[in-house]
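Reader: I am new to this structure. Could you walk me through it, one feature at a time?

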Amino acid sequence: MRYVSTRGEAPPRDFEGVLLAGLAEDGGLFVPETWPVLTAAEWRAMRGLPYPELATRILALFTGGKPDVATLRPLLEEAYAGFGHPSVAPLVQIDTRVFALELFHGPTLAFKDMAMQALGRLFDATLARRGERVTIVGATSGDTGSAAIEACRDRASVDIVILHPEGRTSEVQRRQMTTVLSPNVANLAVAGSFDDCQDLVKAMFADAPFRTEMRLAAVNSINWARVALQIPYYVAAALALGAPEREVAFSVPTGNFGNVLAAWAARRMGLPIAQLIVASNRNDILVRFLAANDMTVRAVEPSLSPSMDIQVSSNFERLLFEMLGRDAAATAETMRRFRAEGRMPVPDAAWRSASELFRGFALDDAHTLAEIARLHAKAGYLADPHTAIGTAAALAVPPADPSIPVVVAATAHPAKFPDAVERAVGIRPPLPPRLADLYAREERFTRLAAALDPVEAFVRAHARRNAA
Ligand SMILES: *Cc1c(COP(=O)(O)O)cnc(C)c1O
């Protein structure tokens, strides 16, 4: 199994190469050279498997034997062992034809754990076998940092430093990062904004001697392995609802387009998915694109669903590549113009092929609160703001055929966004038992000014084990 860049100017790599590289050298994203396609019998044979086993079999389709099934299996079993539900990703009915696929039973209560818990272990095992170590640095406005820390804590070949803007994350988000006291984890509270944190991380990667000395690495959402690890839960849900004999649809609260791209990949692999709903908040660039081929960047507006406050969806490039018939030169040119002009020139035929499969739907904050209240009143279901946008979309733009069920990706636990939920229904959702003492745990973090020198000095001291 080989991977090629969407921009065509980077050498192909194998799965481990793609795992460790993240972004391709030409700025493109790695995609499989050919997609594995399963027969109906092969899908059927996966029905009823425990989640870690299902995930092992799907991931093995993308690793080409390196790592092999025997290596992947214990790794994925360990990755999902700490989840708060025996089925890992339970399916809950919330309306006649609508189901919530709960992806938030991992350690940080958001769907990113589904991929990151396995990714951290894959990373560590691959590095250990090669006798290599890395220092992961990242900036977070809240969710991604905690998922990365939980994924990398206590891993032998990885040190991790996460920068967050001091005082600008929620308390749950901060504590999920700062109460992890493992020696290979460090948190920096930067006196500045999320953009300052992101600029500092970019500056560290741009400092070539520092980057080499520290062996800097990232675990961001463009890593192909993360997308691959998000495919199994779509397979599990579809099989549970009758696939491959019955079609299903998915509604996915979307930011960087990684989660919904994984659903698209499952369809490309032969799973009968009739429709994909892209659910957004008022940052609705993808919805405008699907409705009218208008992919124009506007300013990011803060919302009650902050993990979707994004204008440029980095994983969209993978779909663009496919829509353009896998023409890497055309993809590179389209991305270049998008960056330069703030508007993506997608040919009409390509846009039409996307708009036939994908439906877009956007919801503002007031209607998001109303949907949380409606779900609670009608179904006794407590949803977080991201999930509520997905359920509203499922009801607003379902497939025309009423026999097709719509599965909503429930991307965060309601207790992760307690203020919004309390505003909507007057109930403050409690943390699950395994996190109930979060507010009593000891915190550890270091405050620093938003300046490169002290941040690099801190990273160097923390990651001294990596220094050449
Ligand atoms: C990250 C995140 C999303 C968006 O996922 P993408 O893969 O970036 O589209 C949606 N909801 C929650 C709760 C998230 O943490």
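**Reading the features**

Author: We begin with F257. At 2% relative accessibility, F257 counts as buried. Keep in mind that this is a predicted model.

Reader: How should I read that word, and what cut-off makes a residue buried?

Author: Buried means under 20% relative accessible area. F257, at 2%, is therefore buried.

Reader: Where is F257 found?

Author: F257 sits in the loop between strand 9 and helix 12 (258-268).

Reader: What is the phi of F257, and is its sign positive or negative?

Author: The general idea comes before the case. Most residues other than glycine have a negative phi, and most peptide bonds are trans. In F257, phi is near 75°, a positive value in a residue other than glycine.

Reader: Which other residue can I read that way?

Author: Take N293. Its phi is near 50°, again positive in a residue other than glycine. N293 belongs to the loop between helix 13 (285-292) and helix 14 (316-323).

Reader: Is N293 buried or exposed?

Author: N293 counts as buried because its relative accessibility is 9%.

Reader: Now the peptide bonds. Which residues does a cis bond join?

Author: K66 and P67 are joined by a cis peptide bond, with omega about -5°. P67 lies in the loop between helix 3 (51-63) and helix 4 (69-81).

Reader: What about the bond from A243 to P244?

Author: That bond is cis, and its omega is near 5°. Look for P244 in the loop between helix 11 (231-240) and strand 9 (248-253).

Reader: Let us turn to the ligand. How many residues surround the ligand, and which are the closest?

Author: The ligand is surrounded by 15 residues. K112, G255, N256, N259 and T411 are the closest.

Reader: How do I read that shell by class?

Author: Sort the residues by type. The shell around the ligand has 8 polar, 5 nonpolar and 2 charged residues.

Reader: Which polar atom of K112 lies 2.5 Å from the ligand?

Author: A side-chain one, and its partner is an oxygen atom of the ligand. The backbone takes part in other pairs. A polar backbone atom of G255 is 2.8 Å from an oxygen atom of the ligand. For a polar backbone atom of G258, the distance to a ligand oxygen atom is 3.3 Å.

Reader: How much of the ligand does the protein bury?

Author: Compare the ligand alone with the ligand in place. Alone, the ligand exposes 380 Å². The protein buries 96% of that.

Reader: Next, contacts. What does A262 touch?

Author: Here we skip residues up to four places away in sequence. A262 then touches V227, Q230, I231 and Y234. A262 is in helix 12. With a relative accessible area of 0%, A262 is buried.

Reader: How far apart are the C-alpha atoms of A262 and A457?

Author: These C-alpha atoms are separated by 38 Å. Along the chain, A262 and A457 are 195 residues apart.

Reader: One last residue, N223. Where does N223 lie?

Author: N223 lies in the loop between strand 8 (216-217) and helix 10 (224-228). Its relative accessible area is 1%, so N223 is buried.

Reader: Which residues is N223 in contact with?

Author: Leave aside its neighbours within four places in sequence. N223 is then in contact with V18, L19, G22, L119 and R318.

Reader: What lies 3.0 Å from the side chain of N223?

Author: The backbone nitrogen of A225 lies 3.0 Å from a polar atom of that side chain.

Terms used
Residues are numbered from 1 along each chain as its sequence is written. This is a predicted model: local features need pLDDT of at least 70, side-chain atom pairs count only at pLDDT 80 or more; totals for chains, interfaces and linings use all residues. Side-chain values use heavy atoms; hydrogens and water are left out. A residue is near a molecule or strand if one of its heavy atoms lies within 4 Å of it. A polar contact is a pair of N or O atoms within 3.5 Å; within protein, one must be able to donate a hydrogen and the other to accept it, and residues adjacent in sequence count only if both atoms are side-chain atoms. Accessible areas come from the Shrake-Rupley method with a 1.4 Å probe; for residues, only the protein chains shown count as cover. Ala, Val, Leu, Ile, Met, Phe, Trp, Tyr, Cys and Pro count as nonpolar, Asp, Glu, Lys and Arg as charged, and the others, Gly among them, as polar. Helices (H or I, at least four residues) and strands (E, at least two) are DSSP runs, numbered from the N terminus. Buried means under 20% relative accessible area, exposed over 50%, partly exposed in between (1.4 Å probe, protein chains only). Contact means heavy atoms within 4.5 Å.
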